[in-house]
Amino acid sequence: MILTKFSTLSPEKKRDAIDFIKKYELICVQFCAAIKKFPEKTFIAYPSESSSSIYGGIILKQSILHCLPFAKNPKNTPYNNDFTSALSEFLKTFQDFSPEKNSSPFLCVNGEKSGSLLILNAFKNHKIIPRQTNDYTLFKLNQKEFFTLNKTFSIQNAKIKREKNDITADRFQKLFQLQSEYEKEEVLPKFETFRPKICEMKLKNALKYQIILTLNVENKIVSKAQTNAIGFNAVQLGGVFTPLKFRRKKYSSTLIYFFLRKILSLKKIPVLFAKKENLAAVSLYKSLAFTELSDYIIAYF
């Protein structure tokens, strides 16, 4: 297996790689969004140096992303093993990669489960094991079923607002408070300490590059949702959060329903993932016509 930097490929091979990734975009929307910004950190895997066929792709930045659609097919076991071996060797070239200290410059592996496990096996070869692994289900929207939903929402004095980069300091603080609660409850690994500055930086970045919608009742933000990644033809929805005191009032379902309508108006396919243990979220997404696509994990080092 050969890992070749995307930015060094010929124009023809770059087109082939993009076409390959687009074909499997629904399982790797974050990868698709990141390859546009980080071509120098993107590597395309070929079965051999002379081969023009593509096995998959991987982005090696702090969060490792991947597009490895053949990983869960038992018929591809030899190629899967070759990929893990090639990556295992390649990891040695990275600065601060220190197996003897269980140290890695990478913070997590994020993606479809079978592909993530191949990457984690490469780390395992160096005796580097994740400190925490979260299991999710990846969902895609059944558009035909969604358009048959007869949703009626009658939340008094409710307003849906798109939050943009030019929001006031007071509005930013309210949104930051909600984002902080979300990260502490849903995102932060158990071994990590919440860092307000990192949260603030992520929020500012999201306001600049993503779509953030909030549901507001009596001048209070009662629910939020955003895009985590905008790919070629698909959008990954995430950051869905309603504070505990506002739950069980259909705020999340109302907001997501209108968010989905917006995404579909942009001619994009919505996907998202939810923790398997979060039965309320899983039930909510299924009620909005999401169907299971694959298993998904985030493994933290």
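This section describes the sheet, the surroundings of strand β10, the aromatic contacts and two backbone outliers of a predicted model.

The strands form an open sheet of 12 members in the order β1-β2-β3-β4-β5-β12-β6-β11-β10-β9-β8-β7, and the pairing is mixed. Its edges are β1 (2-5) and β7 (158-163), each of which pairs on one side only. From one strand to the next, the twist averages 25 degrees. At the β7 edge, 6 bridges connect β7 with strand β8 (residues 212-217), and the two strands run antiparallel. Within this pairing, Ala158 has Val217 of β8 as its bridge partner.

Strand β10 (234-241) has a neighbour on either side in the sheet order, β11 and β9. Strand β9 (residues 220-230) runs antiparallel to β10 and is joined to it by 5 bridges. The two strands form a hairpin, with 3 residues between them. Ile230 is placed opposite Val235 of β10. The pairing of β10 with strand β11 (residues 269-275) is parallel and comprises 3 bridges. Here Gln236 stands opposite Val271 of β11. The connection from β10 to β11 passes through α8, and this β-α-β crossover is right-handed. Strand β10 is largely enclosed by the rest of the structure, because 8 of its 8 residues are buried. In a regular strand, side chains alternate between the two faces of the sheet.

Two helices have contacts with this part of the sheet. Helix α8 (251-265) lies across β6, β7, β8, β9, β10, β11 and β12, and runs at about 35 degrees to β9. In helix α6 (residues 169-187), the buried residues are Arg171, Phe172, Leu175, Phe176, Leu178, Gln179, Ser180, Tyr182 and Glu183. The cover over these buried α6 residues includes β7, α7 (196-209), β8, β9 and β10. Strand β10 is thus named both among the strands crossed by α8 and in the cover of α6.

The search for aromatic contacts over the whole structure returned 21 pairs. In one of them, the ring centres of Phe20 and Tyr24 are 5.2 Å apart and the ring planes are at 55 degrees, so the pair is classed as tilted. An angle over 60 degrees would be needed for the edge-to-face class. Phe20 counts as buried because its relative accessibility is 12%, whereas Tyr24, with a relative accessible area of 22%, is partly exposed. The boundary that separates these two residues is 20% relative accessible area, since buried means under that value.

A second pair consists of Tyr136 and Tyr296, with ring centres 6.4 Å apart and planes at 80 degrees; the pair is therefore edge-to-face. This pair connects distant parts of the chain, since Tyr136 belongs to strand β6 (residues 132-141) and Tyr296 to strand β12 (residues 290-300), 160 residues apart. In the sheet order, β12 and β6 are adjacent. Both tyrosines are buried: Tyr136 has a relative accessibility of 6% and Tyr296 has one of 3%. Elsewhere, a single aromatic cluster is formed by Phe43, Phe90, Phe94, Phe106, Phe123 and Phe301.

Aromatic rings also take part in contacts with lysine. The charged end of Lys36 is located over the ring of Phe232, at 5.0 Å from the ring centre. For Lys37, the charged end is over the ring of Tyr209, and the distance to the ring centre is 4.5 Å.

The backbone outliers concern phi. Most residues other than glycine have a negative phi. Arg248, which is not a glycine, has a positive phi of about 65 degrees. Lys250, also a residue other than glycine, has a positive phi near 65 degrees. Arg248 is located in the loop between β10 and α8, and Lys250 is in the loop between β10 and α8 as well. Arg248 is exposed, with a relative accessible area of 87%; Lys250 counts as exposed at 60% relative accessibility. The loop that holds these residues leaves β10, whose 8 residues are buried, and leads to α8, the helix of the right-handed crossover to β11.

Notes:
Residues numbered from 1 in each chain as written. Predicted model: local features only at pLDDT ≥ 70, side-chain atom pairs only at ≥ 80, totals over all residues. Heavy atoms only, no water. Helix = DSSP H or I, 4+ residues; strand = E, 2+ residues; numbered from the N terminus. Buried < 20%, exposed > 50% of the residue type's maximum accessible area, 1.4 Å probe, protein only. Phe/Tyr/Trp six-rings, centres within 6.5 Å; stacked < 30°, edge-to-face > 60°. Lys NZ or Arg CZ within 6 Å of the ring centre and 35° of its normal. Pairing = 2+ DSSP bridges. Right-handed = clockwise from strand over helix to strand, strands pointing away. Axes fitted to C-alpha atoms, helices over the stretch in contact; angles between N-to-C directions. Contact = heavy atoms within 4.5 Å.
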